[in-house]
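Q: Please take a close look at one part of this model, a strand and the strands it pairs with. Describe the pairing step by step.

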Amino acid sequence: MRWALILLLVTAVFAVPEASPCLAHGKPAAEISRGPDVLDSGEGSLDPGDSDTAHASPEKSSAVPGLDAAALAAAGGASDVGLAVLDLESGQLVSAQGDKPFYSASLSKLILAVYAWQQQPSADDVALLDRALSFSDDNAMDVLWTRFDGMDAIGVVAAEAGLTGTHAPDDPSQWGEVVVTANDMVRLYDYVLGSPQRDAVVGALSKATPTAADGFDQAFGLLGVTGAYAKQGWMYYLPSDVYLHSAGVLDGRYAVAVLTTNPTGSWTVARQSINAVATAVLTKLGVQS
């Protein structure tokens, strides 16, 4: 009888997947390599090789006040979208869910880099910072996070730049869980561009590679546009949330942040979603992808 019960239990475990133990713990697999479903760029992707950007003229009046941010964010479909557009010349800001908190994924690398460059970094530190921003290298970020006390650094930069919705993660080991908002990301760029760290940050971001250190295709959102520089972020958060973020500067005129969370578990769907929002924003701003 005992053997029969054991056999019955074994059969149940293998026959019913839900009965098997689950190792999911709710933490993000930060910057994981893309799965097979994102080997193709998907519809709506922004291909840098096909870009023919019409740069905005500094003389033209701001396009920001006329933007319907909610309508632009709606292009993201099923994705939860935080969108902010800041005219760096006029200071005018429009947003949709601009103060909604999102886990940062690799956007935290930009915040930490701002702090690190304020500390007169060594040549070794500078090399790591370049890799963290251009290749979105997680190993470089791990070293920098420890070396520059990331938990404290996030708060320092947030206070200096007036980032009201940004704070360090609850778990000190999870820099991908730094909390950010779309409004704060465009404010951060405004702060950086007026700081002594401007050239270092912009230079590193401008060297962003088509493929990140983990093999992920970085040509989505704003990085599909010639002349733009941006920090990208991607993260899979159990059980099925896909984070894709793109925050940067277009034509030296507009700071734009598109933060997205897609519930489908599909990188392809998430990529299509953020590209749709980015394309809608570019069209309204008169910037061609």
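A: Leu 244 in strand β7 has Thr 260 in β8 as its bridge partner. This is a predicted model, in which local features need pLDDT of at least 70, side-chain atom pairs count only at pLDDT 80 or more, and totals for chains, interfaces and linings use all residues. Residues are numbered from 1 along each chain as its sequence is written, and side-chain values use heavy atoms, with hydrogens and water left out.

Strands here are DSSP runs of E with at least two residues, helices are runs of H or I with at least four residues, and both are numbered from the N terminus. Two strands pair if DSSP finds at least two bridges between them. Strand β7 covers residues 241-250, and β8 covers residues 254-262. The two pair in the antiparallel sense, over 9 bridges. They form a hairpin with 3 residues between them. In that turn, Asp 251 has a positive phi of about 55 degrees.

Strand β7 also pairs with strand β6 (residues 229-237). Again the strands run antiparallel, and 9 bridges join them. One of the pairs is Ala 230 with its bridge partner Gly 248 in β7. β6 and β7 form a hairpin too, with 3 residues between them.

How many residues of β7 are buried? Buried means under 20% relative accessible area, exposed means over 50%, and partly exposed lies in between, using a 1.4 Å probe and protein chains only. In β7, 9 of the 10 residues are buried, so the strand is largely enclosed by the rest of the structure.
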